[in-house]
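Biologist: I've got a new model open on my screen and I'd like to go through it bit by bit. Could you walk me through it?

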Amino acid sequence: MARVVVDPITRIEGHLRIEAVIEGGKITDAYSSGTMVRGFEKILKGRDPRDAWAFVERACGVCTTVHALASVRTVEDALKISVPKNAELIRNIMFCTQMVQDHVVHFYHLHALDWVDIVSALKADPAATSSLAQSISNWPKSSPGYFSDLQKRLKTFVDSGQLGIFANGYWGHPAYKLPPEANLMAVAHYLEALEWQKEIVKVHTIFGGKNPHPNYLVGGVPCSINLEDVNAINTERLNHVGKLIKDAMTFVNQVYIPDLMAIAGFYKDWGAIGGGLRNYMAYGDLPTAGYNQPESFKFPRGAILDRNLNEVYDVNGRDGEEIKEYISHSWYKYTVGDEKGLHPWNGETEFNFTGPKPPFEQLDVEGKYSWLKTPRWKDHPMEVGPLARVLVAYARGNAEVKEVVTETLAKLAVPVDALFSTLGRTAARGLETKLVVNWLKGFYDDLLANIKSGQVSTFTREKWDPSTWPAECEGVGMTEAPRGALAHWIRIKDGKIDNYQLVVPSTWNASPRDAKGQRSAYEESLVGTPVANSEQPVEILRTIHSFDPCLACAVHLYDPEGRHIHRVEFN
Amino acid sequence: MSNTNQCDVLILGIGNMLMGDEGVGVHIIEKLSSIELPEGVECLDGGTGSFLLLEPMQRARRVVLIDATIDGQPPGTVTRLTPKYAKDYPRTLTAHDIGLKDLLDAFYLLGDPPEVTLYAVSIAPLQEMRIGVSPEVERSVGRIVELVLEDVGIGAPA
């Protein structure tokens, strides 16, 4: 029995390590462990709740803006503040921008190389690549000369021995199915996406003042609207945002979606691999009538159990019996005992490390084996992320989502069940990007219309002063990070933070088993995954990457005797 | 509002300010931001911004990167490097984890990569969640600020 250890090392959301047991060419069991302690909760206690966003924004290098959003919302929820319409629209614009940018970057720069063989691209015929590109899209960069020039640059790069970003792929692995021309086209778009993504994030700089840590504000947004003022959100800046949104729509519709469909067509077998859990949950986001009206959200809120798309359950972050965190297999201790679950308002962050001292070969998975707590919804393990959002919206009868899902399934000629898979997760990410980029344009148009009608307010001062606050109050701020449901819970006492708890998407997906022994999403999704060659476990990368862990990773491989074979790093 | 034009030198501090010495790069940017820098020299608190840092890095002719490294040397040791390719960076440079240096290679494929100077500050492997750096690393901060200022052609402040 080979034990494969995937030990991603990162500081973005905490280090993550996966140990998988392989028998007869298939994964039979898997363990997911967060190996870096988090303690934001401790840093926040006693601080001014209005400052919390600036600290939690540092929780993740990629999702800075959604952590800040969750934070200002949780304070507003506690203090019963409703933000002005312009603030809601600008927050939605920031949210959509981040999701579109993050999903494109995930597809091309963190996931594509699991499906695209860079070295094979050197064998492509540029003229045939041009025909292929022109057959799937109107994107103008598609001439034979363009691909021929790129191929030459790629060849020089590969010949120099400086593979760099491409050094860690399993090039030539039989699991790569794309013809050389599709590979070359994908490499071209990998580089074009890199150029494009740095433009779209300027939307955050315009509304948030700076990037990568844009400013947020409890009660609204920290930018003023004045079409004539050089220092405010003026006509010039709004025009710039409009141009960036237009370019984003073009890139998503002419590059990302056609590539996704073309690549998915070669990997339909992955529509039956990597499904994992049968339960999905989305907190939803993009309010159109206030945060307290979830029925107005573009992304609906809800939970699905046992893949039953005929029933969607409501999710209530304030209900002490719904969302609870367990620590039976996590390096913490609770005052109520380690087998009990705690709602985040009563959450405790008391460390209790019982694991081995690094470096170590294998974790003791019978006991505590992770720094991640194990969140459960009504004691069910839930998958969160693009697939969960799309399924919840589909099951809620959202017409836009139903349309793109049905159209895509028909185009790929795969059944609805293919959604519950690695391919389904990757496809769902693309489909929601297509919708989100349209919504982004819609929110922008609404903002312009609002400003034209004379509404320029972006902030409400009511409740800014702590003397207007109750002595004690509680709030929850729920949102959707690109990689899934994210929420912050706060308890405010005498104007200061008394308790602050974050439950991040990676905690839902990457957590260890719960007290009942139920696996979480990563662990469950790997069970049954075929691994053709345990020295080159590209299959594990495909499934784990389909969740979009914001992690850089290292794979350790062990032979059946537990000896270390080699270590492969991947991003 | 940050500049969107080409800049000559970008001083980029990387790290997580909530992770003690790991945030030394950001800590140094805070110090530098109180000093008047000549036109064309910009400072940026990069946090752990990964892909979000490509845009500022691409519009710079030269990047002076400040990051923590776990290389076994005593905390506070400063090493100046001029890496060209991803493989030239210390393996345990914390920025490695976010794939940033790997993406620097993509600049070579895109053409016209910036010149990178790296100040790697040694830190201890285990960092607690805490704001601010340890006394060992704090002792080197003034020296690093001087080195960076000299590097970009400005004498150290009096």
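Modeller: Sure, and keep in mind that this is a predicted model. In chain B, confidence is lowest in helix 3 (residues 100–110), at a mean of 67, and highest in helix 1 (residues 24–32), at 93.

Biologist: What does chain B average in pLDDT?

Modeller: Let's start with the weak part: pLDDT stays under 50 over residues 94–98 of chain B, where the model still has 22 contacts beyond four places in sequence. Across chain B, 78% of the residues score at least 70. The average pLDDT for chain B is 80.

Biologist: And what ipTM does the predictor give the complex?

Modeller: There are two scores for the complex. The pTM is 0.90. The ipTM is 0.79.

Biologist: Staying with chain B, which strands are the edge strands of its sheet of 5 strands?

Modeller: That sheet is open, with mixed pairing and the order 2-1-3-5-4. Neighbouring strands are turned by 20° against each other on average, direction ignored. An edge strand pairs on one side only, and here that goes for strand 2 (41–47) and strand 4 (78–81) of chain B.

Biologist: Which residue stands opposite B:Ile66?

Modeller: Look at strand 3 (residues 60–69) and strand 5 (residues 115–122) of chain B, which run parallel and are joined by 8 bridges. The partner of B:Ile66 sits in strand 5 of chain B. That partner is B:Tyr119.

Biologist: Now chain A. How much of chain A is made up of buried residues?

Modeller: Chain A has 15 helices and 12 strands. Among its contacts between residues at least 6 apart in sequence, 72% join residues at least 24 apart. Of the 571 residues in chain A, the buried share is 56%.

Biologist: There's a sheet of 3 strands in chain A, too. Which residue does A:Gly477 stand opposite?

Modeller: This open sheet has the order 8-9-10 with antiparallel pairing, and its edge strands are strand 8 (472–481) and strand 10 (496–503) of chain A. Neighbouring strands in it are turned by 15° against each other on average, direction ignored. Strand 8 of chain A is joined by 10 bridges to strand 9 (residues 484–493) of chain A. Over in strand 9 of chain A, the residue opposite A:Gly477 is A:His488.

Biologist: Which helix packs on the sheet, touching strand 8 and strand 9 of chain A?

Modeller: Its direction makes about 150° with that of strand 8 of chain A. The helix covers residues 64–79 of chain A. That's helix 3 of chain A.

Biologist: How do helix 3 and helix 4 of chain A cross, left-handed or right-handed?

Modeller: The axes of helix 3 and helix 4 (residues 85–111) of chain A come within 9 Å and cross at roughly 145°. Helix 3 brings A:Thr65, A:Val66 and A:Leu69 to the contact, while helix 4 brings A:Arg91, A:Met94, A:Phe95 and A:Gln98. By class, that gives 4 nonpolar, 2 polar and 1 charged residues. As for the crossing, it is left-handed.

Biologist: Is A:Thr374 buried or exposed?

Modeller: A:Thr374 lies in strand 7 (residues 374–377) of chain A. Its contacts include A:Tyr326, A:His329 and A:Pro512, and its C-alpha atom is 5.3 Å from that of A:Glu325, 49 residues apart along the chain. Since 20 or more C-beta neighbours is the mark for buried, and A:Thr374 has 25 inside 10 Å, it counts as buried.

Biologist: Where's A:Pro212, whose peptide bond from A:Asn211 is cis?

Modeller: Most peptide bonds are trans. The one from A:Asn211 to A:Pro212 is cis, with omega near 5°. A:Pro212 is in the loop between helix 8 (202–208) and helix 9 (235–266) of chain A.

Biologist: Last one: why does A:Asp306 count as exposed?

Modeller: A:Asp306 is found in the loop between strand 5 (302–304) and strand 6 (323–326) of chain A. It has a positive phi of about 55° although it is not a glycine. The cut-off for exposed is 12 or fewer C-beta neighbours. A:Asp306 is exposed because its count inside 10 Å is 9.

Terms used:
Residues are numbered from 1 along each chain as its sequence is written. Chains are lettered from A and ligands numbered from 1 in the order in which they are written. This is a predicted model: local features need pLDDT of at least 70, side-chain atom pairs count only at pLDDT 80 or more; totals for chains, interfaces and linings use all residues. Two strands pair if DSSP finds at least two bridges between them. Helices (H or I, at least four residues) and strands (E, at least two) are DSSP runs, numbered from the N terminus. Axes are lines fitted to C-alpha atoms, for helices over the stretch in contact, and angles run from 0 to 180 degrees between N-to-C directions. Two residues are in contact if their C-beta atoms, placed from the backbone, lie within 7 Å. pLDDT is the predictor's confidence in each residue, from 0 to 100. A crossing is left-handed if the near helix is turned anticlockwise from the far one by less than a right angle, and right-handed if clockwise. Ala, Val, Leu, Ile, Met, Phe, Trp, Tyr, Cys and Pro count as nonpolar, Asp, Glu, Lys and Arg as charged, and the others, Gly among them, as polar.
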